[in-house]
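Please take a moment to look over the sequence and the 3D structure before reading on. The paragraphs below are meant to be followed with both in view.

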Amino acid sequence: MRQDKLVLIAGSAGSLQVILAVLTAMGREFPIPVLVVLHRNNVFESSLEELMSIRTNLVIKEVEEKERVLPGVVYLCPADYHVLVEKDFTFSLDYSERVNYSRPSIDVTMCSAADVYGAGLIALLLSGGNADGSDGLIYVQSKGGLTVVQSPETAEVPYMPQQAILRMTVDLVVPTEELPGLMKGFGRPAPPSAGDSASDRFTDS
Amino acid sequence: MEINPIQYEDLELLLNDLNTRYGYDFTEYSKASLLRRVQRLFTLDKFPSFAEFRYRLQHDSPYFRRFVEEITVNVTEMLRDPGFYKTLRTTILPILATYPFIRIWHAGCSTGEEVYSMAILLKEAGLLHKALLYGTDINPQVIEKARKGIFPVTQMQKYSENYIQSGGVQDFSIYYTANYHLAKFDSSLTGKMIFSTHNLVSDFSFNEFQLILCRNVLIYFERELQAKVFNLFDYSLENFGYLALGSKESLRFSPIADRYRQVGREKIWRKVYEAG
């Protein structure tokens, strides 16, 4: 059975440079759609998409509601909306209450994506000064997805990855400099006799 | 966060029940957002099982009212997206000013903050005396709040900033009276408003308008339902009238797109039927 996949990269304060490095490494040929949830100040609304496109030389586009999730595109959550994924693999937007003082909230997107992608979801949580993302990662793992966290000692702001590590057994805790290589590896075809569990399948690369 | 107690299949059962029992049709709402809201309510009200939640909803109509109140999103603010309101001031209101009488519909107005924002703009343009603002929402509780025009005073600083950015030149506090933690808006504004419940899914057009605002409502609907609602708006809008949507919503994929032209860069479209 074909497993739909999504790579979800989430971060807050101190995560932008890491996100740019990871995206650049993944490159244009990366076969899995990528969704970036970044806590952002809506004053800089439009410039972020542009800045990221220039810096990574990738197709980076802000999520539009009811838009189909496609590989080859890096989707960026718009400022001031939660992003959810529907069962038919389209995005929907939500302007409900902030979660963890955040909109977009990482927890909201992670839970919604885990419901749809299950074991096909790879979720990466990066630097930040907020507890957003921990509940989301716990849920992703419960649905069979792979959870990856930037190692707090190498993160610019360690609090967010630290919270996740305190609350759960994260599948992979990875230093900043190894993240680009690791994430790029998820784009390679899986070995023919890959094991059953999500971590077996992914840590191989 | 609890491991989700309600799955997509459960949600489908529930929505069919509610449609049959109460005639409220949520089956064409965007499911991911709806599921989240329903899960939230389930957890909030501490139901031991989905079966009990379902039973309660079928047999306890006051509880169904609570369901409607809680699963609809009621987050709103005054003069949100000041650039949008600036465009209303500079581009749209001068044209509406040429009409002898102005009718405006805020569809899905929630607690009414946008209706009050519009009333302030109309007042400053000298048009409020010949305008009528209709605010509707599916949720009777928020409509009740909207009628009162009382908002938390803690919001006023933010609203005042929005107001200045939207091109306002007065002191924003002239529009309300602060009393402890509440700000009551001026009755000269409220006097021009009519609030009523209206369900965009099942209720019909009730008037003809020169301006319809429906911001951050359609994001909760699936495409087919969006199309129906666009047709309802089209039917309710005079030729050369305006339709305003939320900052991430668009008329682009709708069945009425070819009859509308976007006004500048804001999410405002003008109805332009070709003669014939």
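What follows goes from the chains to the core, and then to single helices and residues.

This is a predicted model, and a convenient place to begin is chain A, which has seven helices and nine strands. Of the 205 residues of this chain, 51% count as buried. Among the contacts in chain A with a separation of 6 or more, 68% are made by residues that stand 24 or more positions apart.

Chain B, for its part, is divided into domain 1, which covers residues 8–71, and domain 2, which covers residues 82–271. The C-alpha centres of domain 1 and domain 2 of chain B lie 29 Å apart, and the two domains meet where seven residues of domain 1 are in contact with 10 residues of domain 2. On the side of domain 1 of chain B that touches domain 2, the residues by class are two nonpolar, two polar and three charged.

The two chains also touch one another, and this contact takes 20 residues from chain A and 14 residues from chain B. On the side of chain B that touches chain A, the largest share, three residues, comes from helix α2 of chain B, which runs over residues 31–44. The residues on that side of chain B divide into seven nonpolar, three polar and four charged.

From the contact between the chains we can turn to the interior. In soluble globular proteins, nonpolar side chains tend to be buried together. Here the largest nonpolar core has 139 residues, and those that touch the most other members are A:Leu8, A:Val36, A:Met110, A:Ala123, A:Leu124, B:Ala119 and B:Ile212. Helix α3(A) gives the most to this core, with eight residues, while domain 1 and domain 2 of chain B each supply at least three residues. For a view of one such residue, consider A:Leu8, which, leaving aside its neighbours within four places in sequence, is in contact with A:Leu35, A:Val37, A:Thr109, A:Met110, A:Ala113, A:Leu121, A:Ile122, A:Ala123 and A:Leu124.

B:Ala119, named among the core residues that touch the most other members, is also one of the buried residues of α6(B). This helix is mostly covered, since 10 of its 12 residues are buried, including B:Glu113, B:Glu114, B:Tyr116 and B:Leu122. Does the length of α6(B) come out long, short or as it should at 1.5 Å a residue, and what span should its 12 residues have? They should span 16 Å, and the end C-alpha atoms are 17 Å apart, which agrees. Just after α6(B), B:Gly126 takes a positive phi of about 70 degrees.

Helix α5(B) can be examined in the same manner: at 1.5 Å a residue its 15 residues should span 21 Å, and its end C-alpha atoms are 19 Å apart, which agrees. There is nevertheless a kink of about 40 degrees in α5(B), centred on B:Leu88, and B:Leu88 is itself one of the buried residues of the helix, along with B:Phe84, B:Tyr85, B:Thr87, B:Ile92, B:Leu93 and B:Leu96. These buried residues pack against α6 and against the strands β1, β7, β8 and β10 of chain B.

Some backbone details remain. Most residues other than glycine have a negative phi, and most peptide bonds are trans. B:Leu79, in the loop between α4 and α5 of chain B, has a positive phi of about 50 degrees although it is not a glycine, and this residue is buried, with 27 other C-beta atoms within 10 Å. B:Ser110, found in the loop between β1 and α6 of chain B, likewise has a positive phi, near 55 degrees, and B:Ser110 is buried, with 25 other C-beta atoms within 10 Å. In chain A, a cis peptide bond with omega of about 10 degrees joins A:Arg103 and A:Pro104, and A:Pro104 lies in the loop between β6 and α3 of that chain.

A last residue to consider is B:Thr177, in strand β4 of chain B, which covers residues 176–179. Is B:Thr177 buried or partly exposed? Because a residue needs 20 or more other C-beta atoms within 10 Å to be buried, B:Thr177, with 13 C-beta neighbours inside 10 Å, counts as partly exposed. B:Thr177 and B:Ile150 are 27 residues apart in sequence, yet they lie 9.4 Å apart in space, C-alpha to C-alpha.

Technical notes. Residues are numbered from 1 along each chain as its sequence is written. Chains are lettered from A and ligands numbered from 1 in the order in which they are written. This is a predicted model: local features need pLDDT of at least 70, side-chain atom pairs count only at pLDDT 80 or more; totals for chains, interfaces and linings use all residues. Helices (H or I, at least four residues) and strands (E, at least two) are DSSP runs, numbered from the N terminus. Ala, Val, Leu, Ile, Met, Phe, Trp, Tyr, Cys and Pro count as nonpolar, Asp, Glu, Lys and Arg as charged, and the others, Gly among them, as polar. A nonpolar core is a set of buried Ala, Val, Leu, Ile, Met, Phe, Trp, Tyr and Cys residues joined through C-beta atoms within 7 Å. Domain bounds come from an automatic or database domain assignment. The expected span of a helix is 1.5 Å times one less than its number of residues. The bend at a residue is the angle between axes fitted to the seven residues ending there and the seven starting there.
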